[in-house]
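Below are my notes on the salt bridges and one helix of this entry. Please read them alongside the coordinates.

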Amino acid sequence: MSYTVEVDIGGTFTDFFAEQDGGRFTIAKSPTTHYDLSVGFMKGLRELAKDFGLPLKKFLNECESIRYCTTLGTNALIERTGPKLGLITTAGFEDTIAIGRGRSWADGLFGHETKDLARIKKPEPLISRDMISGLRERVDSFGNVIMPLKRDDVLENLQYLMENGAMGYVICLMWSCYNPVHEKMVKEIIEAEYPEDYLGSMPVFLSHSISPKMGEYTRFTTTIVNAYIHSVMGEELTRLVWELKDNGYTRPLTLVQNVGGMKKVTRTRAILTYNAGPVAGLHGSRFIGQMHDMDNLIFTDMGGTSYDIGVVSDGQIKTYDFIPVIDRWRTNIPAIEVKSIGAGGGSIAWINTLFGNRLEVGPQSAGSMPGPACYDQGGTEPTVTDADLILGYLNPDHYLGGKMRLKKELAEKAIREKIAEPLGIEVVEAAARIRRIIDARMGQEVFNEVVLKGYDPREFVLLACGGAGPCHALDIAPYLEIKKVIMSPFSPVFGAFGASTVDVMQVFDRTRSIKLFQYATQAYTEDYEAFNSVVRELKDLALRDLKMEGSTVGDVQFVLELEMRYGMQYNYTKLESPHLEIKSAGDVKDICDAFGETYAKTYSPEAAFPQGGINVENFFLKASVPSRHLEMSPKEAAGLQAPAAAGKGTRPVYFADLGQFIDTNLYILEELLPGNVVTGPAVIEARDTTGVINPGWRFTMDPYGQGLLEPIAGGSGQSPARDTARKLS
């Protein structure tokens, strides 16, 4: 037997998904140990091994792969625990990162923080001004060397940074994305002066190799962020790899990347691990959609700390974050777009006294330590989980499959003292308001995310993922007027499950401005080589990289994506090119037509202006090698009604639409069979999550073990509490 393991570290829990050769799988959750992430990592692996009936060493020895969505880099940025770096740039541009962009003061902040203009500040640069030096050199915007670089100037700047304690060097020279000759020279000089056998040898990061795109600020910040988290991740991952080897694992550790692929630790850039868990979850959503012949899906993942939102349209993941913000820094990595807000089971409810004692929920989170008050780990702040417990949605004796016992009295105490008494209301009403506000906020964010991408949410299916997702999904669905929700058995560990659906893949990008349709002559270009040479350069890089991954050249699949615009428009539109290379005038027209269609879908056909010219500005070559994924075979449907064995009695549960507690039927998810139907109101308990079936909805177990939630015939599935929640939010 062989096994595959996927791990996703979250702010509150670390999630695990493991598959045995042949289709059997198991999941696990372990509290995230922020003081040392490897502790929670190894604890979860032991639980997986136990589920398969194996000692840890034998289990790991038989593991074919371990795929890891890590937050090590994120933590290093938040805690500012990275090394002291030196930045070498072009003279005159030493203040680029301090000046920033016009809106850099708001980058990475929550909405309520951006309103506090009196206290808001730009972020403190990761490299202080005294660790930045300028070289007298210049390359122009066409890649021509205007002022040659002098070796003595490099040595002088290098000596200055060395004496000030630099533990690594970031080289960001002007227009190196077009001609990196000077950046390469700086690196050669540094390595010649301080070879590896010298204590002064330090890592060197070149902007053209990490971010070969136009825009000095984002190119600088991308390179700096990568350099800042590189050494921290390297040390932690090296320690983890050795711990895995000591426990029997013999293969390379693989990291999931935010570009939608995975690579070995040794072949991964640190910055590409940021937000990898939600991106993996989005891939898992597409996998579930393909299983059910559903092309339009909204991925939502409500964990303990955050609420992640992504969109799959026409069966594809099409949206990319053009300038993703990492911590407080705008970057230009080609990351798949997944929006995250501070809303989860651990989100703290609080009274905003600045706005007339208004009840707010989040974005602050209790995390895993101390966690919600009901965890009995020292937490005293009221959270969404505390509210769910008071309202009867959660079973205090079956949380995390019974591994954690919740204390209802502590939840009541926290909500009474911090919310109910200041507002002059009862504890139950306070808990109900907390839940309505968080659901309203999540529903509104999902609505905005879908509509602003040009889609109608009523045409989509909602995936309720995350440990808390199925508990809140049907109170979020009415905001979108959605008529179908999926509660997957993988929901509580969906990021980890999604990692099992990701292929070996990397994205190679370049900034090159090529006019495909000339505005002056109103004719298509005949210079095909300008386009093709960029593609060939990227293909060569991809093949070299994937060969070092151990992939066979014949297995590599290429997809070319382009960022294009009309004339001198500011914003780019990204699309998949119908041709990898241009061989005829017809190919040029096909690419321009594809751009026009994509642009029209986003901005309407009336906004198109081909007469102004059509330009390609950025190239993205996706090189992938398909991997083996989970195979799920459909099972025959059983009887329509849930079997008695799946029943677990009743308990009082509060439903906002009814405004009271009612005795509600309880079911065990693992005991339900394909074809079983559960009519709301009901609660379905799984080992690591809880699904709430509101009145007017029904749950059907499909042949793949997925739970399909739909309004009962004749009902709207809408919640009269929606308008109230909007007002409260």
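1. A salt bridge here is a side-chain nitrogen of Lys or Arg within 4 Å of a carboxyl oxygen of Asp or Glu. By that criterion, Asp388, Arg435, Asp439 and Asp475 are linked in a network of salt bridges. The structure holds 39 salt bridges.

2. On provenance: this is a predicted model, in which local features need pLDDT of at least 70 and side-chain atom pairs count only at pLDDT 80 or more, while totals for chains, interfaces and linings use all residues. Residues are numbered from 1 along each chain as its sequence is written, and side-chain values use heavy atoms, with hydrogens and water left out.

3. One link of the network is the pair arginine 435 and aspartate 439, whose side chains meet at 3.8 Å, N to O. Both belong to helix α13 (residues 427-451) and sit four residues apart, about one turn of the helix. Helices are DSSP runs of H or I with at least four residues, numbered from the N terminus. Arginine 435 and aspartate 439 are both buried (buried means under 20% relative accessible area, exposed over 50%, partly exposed in between, with a 1.4 Å probe and protein chains only).

4. Another pair with this spacing is in helix α12 (residues 408-423), where glutamate 417 and lysine 413 are four residues apart. Their closest N and O atoms are 3.2 Å apart. Glutamate 417 is partly exposed, at a relative accessible area of 41%, and lysine 413 is partly exposed at 42%.

5. Helix α17 (residues 585-603) holds lysine 589 and aspartate 593, again four residues apart, about one turn. The salt bridge between them has its closest N and O atoms 2.8 Å apart. Lysine 589 is partly exposed, with a relative accessible area of 39%; aspartate 593 is also partly exposed, at 30%. As background, an α-helix has 3.6 residues a turn, so residues three or four places apart point the same way.

6. Where does Asp475, a member of the network, sit? Asp475 is among the buried residues of α14, along with others including His472 and Tyr479. Twelve of the twelve residues of this helix are buried. Helix α14 (residues 469-480) reaches 16 Å from its first C-alpha to its last, close to the 16 Å expected (the expected span is 1.5 Å times one less than the number of residues). Just after α14, glutamate 481 takes a positive phi of about 55°.

Methods
Helices (H or I, at least four residues) and strands (E, at least two) are DSSP runs, numbered from the N terminus.
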